[in-house]
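Here is a friendly note to help you find your way around. Please keep the view open as you read the points below.

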Amino acid sequence: MEGCFKKNLRDELDYLGLTVKELSARIGIPKPTLDCYLSSRQTMPPADIAVKIARALNVSVEYLVTGNDRKIVPHDYEEYQPFRFLLDDFKKLNESQLEMLSTMVHALAEQK
């Protein structure tokens, strides 16, 4: 579980396309404090801060801390919930497979 919070926080920020500065503004926590949670020091936030972060990222606190329980907290991103598991599978594909899949998805989307 070492480094899990840091990795999961970074993954969620990347997934949502959020910067640390944007997350900081959303939850009212100084950016340097969030930077500590993402640094090599691997500082864990207090529970109340972890809850704020999880809510802002639309994931459970358990997921941020342990990497388990990917349940999404109902929020603005609820409509994307079914796609999160697909994205996990996409991460396992190589570049060639991703290109092929991308071509297929774009072709299907244009068929409407």
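1. A useful term to begin with: the expected span of a helix is 1.5 Å times one less than its number of residues. Keep in mind, too, that this is a predicted model.

2. With that in hand, look at helix H1, which covers residues 4-16 and has 13 residues. From its first C-alpha to its last H1 reaches 18 Å, close to the 18 Å expected at 1.5 Å a residue. Just after the helix comes glycine 17, whose phi is positive, near 70°.

3. Which residues of H1 are buried? They are Cys4, Phe5, Asn8, Leu9, Glu12, Leu13 and Leu16. Around the axis these residues cover an arc of only 160°, so they sit on the same side of H1. Try turning the helix in your viewer to look for that side.

4. One of those buried residues has an aromatic partner. A search of the whole structure finds one aromatic pair, and its members are phenylalanine 5 and tyrosine 37. Their rings meet edge-to-face, with 6.2 Å from centre to centre and 85° between the planes. Because phenylalanine 5 belongs to helix H1 and tyrosine 37 to helix H3 (residues 31-38), the pair ties together parts that are 32 residues apart in sequence. Phenylalanine 5 and tyrosine 37 are both buried.

5. Next, please visit serine 24, found in helix H2, which spans residues 20-27. Is this serine 24 buried or exposed? Its relative accessible area is 11%, and anything under 20% counts as buried, so serine 24 is buried. Leaving aside residues up to four places away in sequence, serine 24 touches Ile29, Pro30, Lys31 and Leu34. A polar atom of the serine 24 side chain also lies 2.3 Å from the backbone oxygen of isoleucine 29.

6. Now for the charged side chains. Side chains of opposite charge can pair when their charged atoms come close. The count comes to four salt bridges, and three of them are described in the next points.

7. In helix H1, lysine 7 forms a salt bridge with aspartate 11, and their closest N and O atoms are 2.6 Å apart. Lysine 7 and aspartate 11 are four residues apart in the helix, so about one helical turn separates them. Both partners are partly exposed: lysine 7 has a relative accessible area of 48%, and aspartate 11 has 22%.

8. Helix H3 holds another such pair, made of aspartate 35 and lysine 31, which lie four residues apart, about one turn of the helix. The closest N and O atoms of this salt bridge are 2.9 Å apart. Aspartate 35 counts as partly exposed at 28% relative accessibility, and lysine 31 counts as partly exposed at 36%. You have already met lysine 31 among the residues that serine 24 touches.

9. Finally, lysine 92 forms a salt bridge with aspartate 89, with 3.7 Å between the closest N and O atoms. How exposed are the two partners? Lysine 92 counts as exposed, at 67% relative accessibility, whereas aspartate 89 counts as partly exposed, at 40%.

Definitions and conventions: Residues numbered from 1 in each chain as written. Predicted model: local features only at pLDDT ≥ 70, side-chain atom pairs only at ≥ 80, totals over all residues. Heavy atoms only, no water. Helix = DSSP H or I, 4+ residues; strand = E, 2+ residues; numbered from the N terminus. Buried < 20%, exposed > 50% of the residue type's maximum accessible area, 1.4 Å probe, protein only. Arc of directions from axis to C-beta. Phe/Tyr/Trp six-rings, centres within 6.5 Å; stacked < 30°, edge-to-face > 60°. Polar contact = N/O pair within 3.5 Å; in protein donor to acceptor, adjacent residues only side chain to side chain. Contact = heavy atoms within 4.5 Å. Salt bridge = Lys/Arg side-chain N within 4 Å of Asp/Glu carboxyl O.
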